[in-house]
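Student: I am new to this structure. Please take a close look at one part of it, and place that part in the whole.

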Amino acid sequence: MDAVREDSLDLSTDEEIKELSREEMELLYADTLKDFQEGNVITGIIIAIQPEYVTLDVGYKSEGIVPTHEFRSEAGDMPKLNVGDKVDVYLDLIEDQDGQIVLSREKAQKVKVWQTLIKAYETNEVIQGKVMSRIKGGMTVDIGIKAFLPGSQIDLRPVKNMDDLCGRTYDFKIINVNHKRGNIVISRRKILEEDREKKKAFTMEKIKEGEVIKGIVKNITEYGVFIDLGGIDGLLHITDMTWGRINHPSEMFKLGDDVTVKILKLDRDSEKVSLGLKQITENPWNEVEAKYQIGTKVKGKIVSIADYGAFVELEKGVEGLIHISEMSWTKKVRHPSKLLAVGDIVESIVLSVDKEGKKISLGLKQCEPNPWDLIEKKYPISSIVEGEVKSITDFGVFIGLEEGIDGLIHISDLSWSKKIKHPSDIIKKGDILNAKVLSIDRENERVSLGLKQLEPDPWEKAASKFRVGNKVKGKIIKFANFGAFIEIEEGIEGLIHISELSVKNISRPEEVVSIGEEIEAKIIRIDSDEKKIGLSIRALSEDAERQEVSDYLQGQEKFAPKLESLINNNDLKSDK
């Protein structure tokens, strides 16, 4: 009180104090309490330390007490306190129901923190905080009090696993403060953006086209990789990664990789940078024509398999394609994976080189002799072969001659005489058949076989055996709307047209003949080329009628002389 009175009134003697009026004393006391208001932070002096309380003199008419636990740290440690130490406390109540001052060290510390944070917010200062836990929409961060870090403000790009951030300490900036509600929103992204802009400006000023620089893989897409060059991202397109072939950038890169690239194009206005990796090395395709001449045998590793073939890496950046059609002379390869697998080391023959198109065609089957070169010697025309029925189609039967080589018996070469609707009517898969080699098409790799050719063509004999006008016997085997078919002998059929079945007019063959009936007919025409014989019952009947008339007339001619002689004899007798 003396110090306050000396500062306020500049009085120094007891007499002068005695001379103070009551009014002056009240003014002096009020001046000492001008900051003594609820909600303010004031300074007190420790005057007593007890196990549960610490007593403070705050310059009021009564002392205040603060619970001892409010002095403990977050870790639970108790600092060393001494009588006479100054402590900042929060004035909660000037007098409680017991007339005592209510003080709080914890609240005083929070007020100080708020004051520091508000100042940092107003001056755009950087603060530090420790990420505590994940909550809906973001994270909680300890910056002296709990602050909210939105998910969008954590990093420049979305964070895949925010739980990994817990327990880490970062720099932040305050972007929103609501003191009444006790809310503070912070951002780490803002600091990163500012830092990126500084680096970008520096990098853009430094780099130039054609320069080789280092960077870090920041993002991987289907079409390329984004490289952080230092505040600015450059695009390394998939076509500029390797001189060879690549299906996806992830085959060559992973996030965080350190890479050395070449600046291909730089647009400072749009801040776009195009990068190249393959341009750092010599293009291996410049020497492919000299290194891989047509007809040479090469060795390489299968690096990829597609439906149409397999890709072989001949050297780094140079690949060749073995097309599915160039894999086997004889096997019907349905898919390259049936013969080859990724990682296989194979030998092949160079078939063609397209330097401009960066294509090399390779042949696997060319490493072995072509069995079709010997096919004519192994299976001469008209020779008899034996094989298993591999498959049956509408148009014929395939016979296996050897591994990968089949011969076809066309449906028309199965029988001389039988009308076969489908080969499966007389042949089954797996049957062992003998057949005659009819022809060999070396270019198209086809062998034509015949089954019926194992027997003579019955029509060759028919041409000399049957003549127009001959009578033949046969059995009715089937009907058609236009007539009836007769089996004259095995392998030979004849047709009696409906108009030739009877001398009568009929509408259906069944009116005069029946299936299985033995009949006799006359040959009225023969077409050896078409293998057709025309028959007629009506002509046979007409021939019979004519024969009867002829026989009758011939009989009459023989009887006439006898009659004349008889008449003459009778005349002589009459004369006598």
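Tutor: What follows is a short account of the whole model, then a close look at one arginine and its surroundings, then some other sites.

This is a predicted model, in which local features need pLDDT of at least 70 and side-chain atom pairs count only at pLDDT 80 or more, while totals for chains, interfaces and linings use all residues. Residues are numbered from 1 along each chain as its sequence is written, and side-chain values use heavy atoms, with hydrogens and water left out.

The protein has a mean pLDDT of 83 (the predictor's confidence in each residue, from 0 to 100), and 88% of its residues reach 70 or more. Over residues 1-13 the pLDDT stays under 50. In that stretch the model has 14 contacts beyond four places in sequence, a contact being heavy atoms within 4.5 Å. Helix 1 (residues 2-9) has the lowest mean pLDDT among the elements, 39, and strand 19 (residues 345-354) has the highest, 95. The secondary structure comes to 9 helices and 30 strands; these are DSSP runs numbered from the N terminus, with helices (H or I) of at least four residues and strands (E) of at least two.

Of the 576 residues, 34% are buried. Buried means under 20% relative accessible area, exposed means over 50%, and partly exposed is in between (1.4 Å probe, protein chains only). Among contacts with a separation of 6 or more, 57% join residues 24 or more positions apart.

Now the arginine. Arg-188 sits in the loop between strand 10 (183-187) and helix 5 (189-206). Is Arg-188 buried or exposed? Its relative accessibility is 17%, so Arg-188 counts as buried. Setting aside neighbours within four places in sequence, Arg-188 is in contact with Leu-149, Gln-153, Ile-154, Asp-155, Tyr-170, Asp-171 and Phe-172. One of these partners is also reached through a polar atom: the Arg-188 side chain comes to 3.0 Å from the backbone oxygen of Ile-154. That is a polar contact, a pair of N or O atoms within 3.5 Å; within protein, one must be able to donate a hydrogen and the other to accept it, and residues adjacent in sequence count only if both atoms are side-chain atoms.

Two further partners of Arg-188 are Tyr-170 and Phe-172, and both of these aromatic residues are buried. The protein has 5 aromatic pairs, where rings of Phe, Tyr and Trp (its six-membered ring) pair if their centres lie within 6.5 Å, and planes under 30 degrees apart count as stacked, over 60 as edge-to-face and the rest as tilted. Tyr-170 and Phe-172 make one of them: the ring centres are 6.4 Å apart and the planes stand at 80°, so the pair is edge-to-face. Another edge-to-face pair joins Tyr-223 and Phe-226, at 6.4 Å centre to centre and 85° between the planes. Here Tyr-223 counts as partly exposed because its relative accessibility is 42%, and Phe-226, at 22%, is also partly exposed.

Other sites can be read in the same way. Asp-257 lies in the loop between strand 13 (233-237) and strand 14 (258-267), and its relative accessibility of 18% makes it buried. Its side chain has a polar atom 2.9 Å from the backbone nitrogen of Lys-254. Beyond four places in sequence, Asp-257 is in contact with Gly-215, Ile-216, Val-217 and Met-252. The C-alpha atoms of Asp-257 and Ile-216 are 5.6 Å apart, although the two residues are separated by 41 places along the chain.

Thr-140 belongs to strand 7 (residues 138-142) and is buried at 13% relative accessibility. Its side chain makes a polar contact of 2.8 Å with the side chain of Ser-133.

Phe-71 is in the loop between strand 3 (64-67) and strand 4 (86-93), and counts as buried at 6% relative accessibility. Its contacts beyond four places in sequence include Val-54, Pro-79 and Arg-105. Phe-71 and Arg-105 are 34 residues apart in sequence, with 7.1 Å between their C-alpha atoms.
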